[in-house]
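Trainee: I should like to request a close look at a single part of this structure. Please set out its surroundings in one connected account, with the criterion behind each term.

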Amino acid sequence: MKPRSIISFLFLITFFILFAPDISIAQVNESTEIDSLKTLLYSAEVDDTRNIDLHIEIANAYRNLNVDSLLYYASIANELSEKTGYIKGIASSTYHLASYYDKTGDAGKALELFIETIELYENTPKDNEYFKAVNLAAIIYERRHDYDKALEIYLIGLKYAQALDFKLDEAFLHNNISIIYDLTGFDEKALMFVKKASSIFKDLGENYYYAFTLINIGQYYIRRDEKDSALVYLNEAKPILYKDKNYYGLTNLYTNLGNIYRDEGVTDSALYSY
């Protein structure tokens, strides 16, 4: 796929890539919950599999707190999983090792391990970490402008999300596939996929993500110079963003509204939006 030629806008608009956040129990009550997991870890009653799972849970809890601790516990979990032949443990710990390199800026090593994670999950039941690995690997390919590879991985993930009825991950993947199609000039496919994502988020009651897809759809219509349609979607997103106090989304929303009003010559409304 060849990337489209992008026209520079006076004010930047951004299409939102979406995937499941790294919400761990540590974010709810950091030190208490990690201490509780460590107490369980060193309990005499813990068997080998539970020991590995606890190392992985602790690694996950440290993801947004301390990357060195993330690496430490994920490495132990990976080593123990290899020794015992615990495939799920190998796959999950490999994902967390990939996350460490992603967070520390080594995209090449992160991509290698995300791909390894995806391959390991071919031999164990897929879960949310599989779909996170799919999204994060594809995002790295996208950043490298290797859109063919990004799309290939996204579509494989979408196939499994649909087959296994992982509706939230299916929605994330539809949204992110739409961005690849947009970047490569397949406008109709881009709009079709983001609308499917939006519909799933709405059905699931996931208003936070639903609002972002409404903004994405509005931006597609702006590009098509269908500003009335764009305004419908952008204005639908507005009360959701205010309710969630989503200032990042609101900033993008009002930038888009400002661009529309500017192009229409409605100066006061454009200035108010900007």
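Trainee: Is G218 buried or exposed, in terms of its relative accessible area?

Mentor: The model is a predicted one, in which local features need pLDDT of at least 70, side-chain atom pairs count only at pLDDT 80 or more, and totals for chains, interfaces and linings use all residues. Residues are numbered from 1 along each chain as its sequence is written, and side-chain values use heavy atoms, with hydrogens and water left out.

G218 is buried, because its relative accessible area is 0%; buried means under 20%, exposed over 50% and partly exposed in between, with a 1.4 Å probe and protein chains only. Buried residues account for 49% of the 274 residues in the protein chain. The residue belongs to helix α10, where helices (H or I, at least four residues) and strands (E, at least two) are DSSP runs numbered from the N terminus. The protein chain holds 13 helices and zero strands.

Setting aside residues up to four places away in sequence, G218 touches A230, Y233 and L234, contact being heavy atoms within 4.5 Å. Its C-alpha atom lies 9.4 Å from that of D228, 10 residues apart along the chain.

One of these partners, L234, is worth following further. L234 sits in helix α11, which spans residues 227-243, and it is likewise buried, as its relative accessible area is 0%. The C-alpha atoms of L234 and I215 are 5.6 Å apart, with their positions 19 residues apart along the chain. Leaving out residues up to four places away in sequence, L234 touches I215, G218, I222, L253, N256, L257 and I260.

Several of those names return in the packing of α10 against α12. Helix α10 (residues 207-223) packs against helix α12 (residues 247-264) at an angle of about 20 degrees, the axes lying 11 Å apart. The axes are lines fitted to C-alpha atoms, for helices over the stretch in contact, and the angle runs from 0 to 180 degrees between N-to-C directions. The two helices are therefore roughly parallel: angles under 35 degrees count as such, over 145 as roughly antiparallel, 65 to 115 as roughly perpendicular and the rest as oblique. Helix α10 passes α12 in a left-handed crossing, meaning that the near helix is turned anticlockwise from the far one by less than a right angle, whereas clockwise would make it right-handed. On the α10 side F212, I215, Q219 and I222 take part, and they meet Y248, G249, N252, L253, N256 and I260 of α12.

Another helix pair may be set beside this one. Helix α6 (residues 128-143) and helix α7 (residues 147-164) pack at about 165 degrees, with axes 8 Å apart, and are therefore roughly antiparallel. The crossing of α6 and α7 is again left-handed. Among the residues that meet there are Y130 and F131 in α6, and Y154 and Y160 in α7.

Y130, F131 and Y160 recur in an aromatic cluster, together with Y121 and F166. A charge is also found here: the charged end of K126 sits over the ring of Y130, 5.4 Å from its centre, and K126 lies over the face of Y160 at 4.1 Å from the ring centre. The criterion is that NZ of Lys or CZ of Arg is within 6 Å of the ring centre and within 35 degrees of the ring normal.

Aromatic pairs follow a separate rule: rings of Phe, Tyr and Trp (its six-membered ring) pair if their centres lie within 6.5 Å, with planes under 30 degrees apart counted as stacked, over 60 as edge-to-face and the rest as tilted. The count by this rule is 16 aromatic pairs. One of them joins Y181 and F186 edge-to-face, 6.0 Å centre to centre and 70 degrees between the planes. Y181 counts as buried because its relative accessibility is 7%, while F186 counts as partly exposed at 39%. A further edge-to-face pair is formed by Y208 and Y209, with 5.2 Å centre to centre and 85 degrees between the planes. Y208 is partly exposed, its relative accessible area being 41%, whereas Y209 counts as buried at 11%.
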